[in-house]
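Q: Hi! Could you walk me through this protein? I'd like the overall picture and then some of the details.

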Amino acid sequence: MGEVDPAFIQDPEHRPKLSATEVKGIPLIDLSLINSPHSVYDPRAFEGLVAEIGNACKDWGFFQVINHGRSAKGSKLLLGSSLRCLWRRRKIRRDEGNVLGYYDTEHTKNVRDWKEVFDFTVEEPTLVPASPDPEDKEETEWYNQWPEYPPELRNACEEYAREVENLALKLMGLIALGLGLPKDRFNSYFKDQTSFLRLNHYPPCPSPQLALGVGRHKDGGALTVLAQDDVGGLEVKRKTDGVWIRVKPTPNAFIINVGDVIQVWSNERYESVEHRVIVNSEKERFSIPYYLNPAHYTQVEPLEELINEQNPAKYKPYSWGKFITHRKLTQAKTLPLIDLSPINTPDNISGPMHAKIDDAGGLEVKRKADGEWIPPNLLSTSNIRTKGHAQEFRTILSNDRYESLEHRVVVNSKKERFSIPFFVNPAHYTIVKPLEELADEQNQAKYKPYNWGKFFSHRKLTDFKKNSAENMQLCHFRQNLIPSISTFLIVLLLCVANEIESAPTNPSKQHFVLVHGSCFGAWSWYKLVTLIRSSGHNVTALDLAASGVDPQQAKDLRSISDYLKPLRDFMEAVDGKVILVGHSLGGLAISQAMERFPSKISVAIFVTALMSGPANISSLNKEVSSCTFLYCKKPHHITLMALFVTVINYRKIRLRRIKIQIFIKVVY
Ligand SMILES: O=C(O)CCC(=O)C(=O)O
Ligand SMILES: [Fe+2]
């Protein structure tokens with residue numbers, strides 16, 4: 001591997017102390033009771049063993065076992081010199097199509113590990129989902145990739161795997177008993193297990209103070225049975241004080257790690273252990289973890305027997321198959337720092353680290369697949385690289401190949417929280433538009449150019465209203481805006497206007513006057529204004545009195561007539577015919593304008609609007625109550641409302657009224 005490439009260098013706070021102390025007190029459990037053919041069954045001793053394992057799982061999340069009944073021949077052979085040449089020969093490299101075999105690009109927390117590995121599964125083939133995509137129901141098979149040399153490798157590995165599997169399942173039985181469950185409680189999960197083994201080789205490292213053999217992590221499966229040679233380097237994070245302690249190799253012992261799956265099954269009675277591997281400048285090191293994993297179709301969730309009202313489930317169920325497929329596909333390559341995959345992968349959707357219901361973080365991202373809010377992986381990075389406004393910019397530059405991420409921060413009643421976003425923005429004079437190289441005839445530019453500086457200063461002035469329509473949003477610049485209420489209105493209007501005798505002869509050039517509803521302002525039409533203008537029409541969005549940016553105060557208005565005055569003033573001044581559009585209470589305003597300026601109005605559109613009678617505004621209530629309003633409210637936001645549109649040809653009003661009712665999704 002040569003000199004230390006920056007990809008291997010750990011952030012300062014995660015660099016190892018090479019002088020770490022080896023401490024006493026790490027549980028060392030003698031399994032001779034269950035393994036010796038000569039031992040007489042002693043229920044009390046057995047109970048003691050179960051309790052010892054239970055305590056080790058609870059207090060440490062790991063322990064060592066001796067007299068485990070395995071001959072240790074297998075591990076000696078695999079760790080020993082006869083097979084080391086495996087690493088120096090040509091390796092069968094894994095790729096995206098085949099995730100097993102040799103590779104040396106494993107990354108933990110986005111930093112490359114100083115090691116090379118050879119992976120093989122216990123079941124041949126191993127059945128797994130074809131992709132991490134939750135919607136994809138297809139399955140695929142993983143096959144081991146055995147090298148031709150050394151020839152004895154395959155047999156040695158397979159034999160070793162069988163031996164350790166036996167031990168791992170026995171330990172699961174003891175753990176089940178310790179949790180007060182039947183001994184065979186976990187058996188069914190491992191019927192079609194996805195367990196695999198890894199031959200780890202840590203070459204000597206010129207800068208062991210900067211890099212790690214494996215960065216800090218927890219094993220994702222149920223249980224790990226680890227064999228190591230006598231070089232040492234494994235460190236575990238002690239639960240009592242968070243100090244990293246070195247695990248001194250014990251001859252013929254296996255190290256047992258509690259994995260994330262047990263943490264979830266036990267509803268956190270046992271917690272998986274964080275660990276890492278230190279490398280050294282002189283000696284290479286070998287180790288063989290056996291990861292005991294459930295069948296891919298397992299939904300991992302707290303066991304029913306271990307939850308109740310006092311102790312509710314701390315995790316949401318997640319698909320083991322989706323989780324492991326994602327892991328396998330992503331861990332062997334560099335993950336970009338700004339990476340959209342976390343919101344689309346089971347790892348972050350429902351992996352044990354992330355599905356924790358009471359996640360202390362606060363940042364949530366909206367998963368693109370289904371719009372659900374989920375916490376991203378905040379636990380492991382010291383610098384949290386969130387995706388901010390800069391990504392809106394990326395969205396446009398990439399012509400939608402990358403989409404910006406919607407996110408939010410939830411607060412909690414106990415802890416305060418701090419964060420420091422760094423927004424990477426272009427120069428103010430930048431005209432943001434899809435890059436030429438990424439837009440062509442087949443894939444046309446999806447955004448119109450806009451001036452970053454103008455956008456940015458507008459945002460700065462209005463950012464306190466992040467969710468209000470007044471805040472300029474990316475959708476302003478979209479070329480082909482998604483059909484919405486606005487587009488619908490224009491299409492509807494033009495269709496109907498063509499039908500009406502008095503419609504302008506050239507419907508392609510109209511002047512729309514938009515009148516907002518109560519408590520709204522001209523800003524509420526921001527989408528429609530953009531749309532109408534970009535369709536080549538004139539548009540005026542008015543603020544009624546004391547609304548939007550109109551300087552008057554509501555308390556100073558003496559009558560409804562004062563409130564409607566800005567429209568009257570406008571109508572007086574305007575040349576030619578206009579199309580009036582009123583929303584909600586704005587219907588009252590346009591009704592009055594229709595009374596006064598009939599010759600200046602070609603069409604009036606009432607959008608869920610009050611519509612007073614043409615002769616007498618006071619007949620308003622009667623008219624309104626005869627209209628059908630369908631209204632569907634969901635908590636916190638209106639997702640659906642009935643749009644009630646009445647198009648009136650004013651001059652023929654007594655002859656013809658068109659009422660159209662539709663359902664439309666309105667996004668505020
Ligand atoms: O090599 C070791 O001691 C531990 C390796 C490990 O933690 C892993 O591969 O998951
Ligand atoms: Fe591990």
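A: Happy to. One term to begin with: a residue counts as buried when its relative accessible area is under 20%. Please keep in mind that this is a predicted model.

Q: Good to know. How much of the protein is buried, then?

A: Of its 668 residues, 50% count as buried.

Q: And how many helices and strands are there?

A: The protein has 15 helices and 30 strands.

Q: What about the surface? How much area does the protein expose?

A: About 33,100 Å² is exposed, and carbon and sulfur atoms supply 53% of that area.

Q: What share of the contacts joins residues far along the chain, say at least 24 apart?

A: That share is 73%, taken among contacts between residues at least 6 apart in sequence.

Q: Let's do helices. How do H2 and H5 pack?

A: H2 covers residues 43–59 and H5 covers residues 153–178; they pack at an angle of about 90°, with axes 8 Å apart. Because of that angle, H2 counts as roughly perpendicular to H5.

Q: Which residues meet there?

A: From H2 you have Phe46, Leu49, Val50, Ile53 and Cys57, and from H5 you have Leu171, Leu174, Ile175, Leu177 and Gly178. By class, the contact has nine nonpolar residues, one polar and no charged.

Q: Nice. And at what angle do H13 and H14 cross?

A: Roughly 55°, with the axes of H13 (residues 560–573) and H14 (residues 586–596) coming within 10 Å. An angle like that makes H13 oblique to H14. The crossing is right-handed.

Q: Who makes that contact?

A: On H13 the residues are Ile560, Leu564, Leu567, Arg568 and Met571; on H14 they are Leu588, Ala589, Ile590, Gln592, Ala593 and Arg596. Eight of the residues in this contact are nonpolar, one is polar and two are charged.

Q: I was looking at valine 515. Is that one buried or exposed?

A: Valine 515 counts as buried because its relative accessibility is 0%. It lies in strand E24, residues 511–515.

Q: What does valine 515 touch?

A: Leaving out residues up to four places away in sequence, valine 515 touches Trp525, Leu544, Leu567, Val581, Gly582, His583, Gly586, Ala589 and Ile590. Leucine 544 is 29 residues away along the chain, with its C-alpha atom 7.5 Å from that of valine 515.

Q: Switching topic: where is glutamate 274?

A: Glutamate 274 is in the loop between helix H6 (260–265) and strand E15 (275–277). It counts as buried because its relative accessibility is 18%, and the cut-off is under 20%.

Q: Which residues are around glutamate 274?

A: Beyond residues up to four places away in sequence, glutamate 274 touches Arg216, His217, Lys218, Glu235, Val236, Lys237 and Trp244.

Q: Any backbone oddities? Which peptide bond is cis?

A: The bond from glutamate 124 to proline 125 is cis, with omega near -5°. Proline 125 sits in the loop between strands E6 (116–121) and E7 (126–129). For background, most peptide bonds are trans, and most residues other than glycine have a negative phi.

Q: So where do I find a positive phi in a residue other than glycine?

A: Asparagine 267 is one of them, with phi near 50°. Asparagine 267 lies in the loop between H6 and E15 and is buried, with a relative accessible area of 2%. Serine 584 has a positive phi too, near 55°; serine 584 lies in the loop between strand E26 (578–583) and H14 and is partly exposed, with a relative accessible area of 25%.

Methods
Residues numbered from 1 in each chain as written. Chains lettered and ligands numbered in written order. Predicted model: local features only at pLDDT ≥ 70, side-chain atom pairs only at ≥ 80, totals over all residues. Heavy atoms only, no water. Helix = DSSP H or I, 4+ residues; strand = E, 2+ residues; numbered from the N terminus. Buried < 20%, exposed > 50% of the residue type's maximum accessible area, 1.4 Å probe, protein only. Contact = heavy atoms within 4.5 Å. Areas by Shrake-Rupley, 256 points an atom, 1.4 Å probe, with all protein chains shown as cover. Axes fitted to C-alpha atoms, helices over the stretch in contact; angles between N-to-C directions. Parallel < 35°, antiparallel > 145°, perpendicular 65-115°, else oblique. Left-handed = near helix turned anticlockwise from the far one by under 90°. Nonpolar A, V, L, I, M, F, W, Y, C, P; charged D, E, K, R; others polar.
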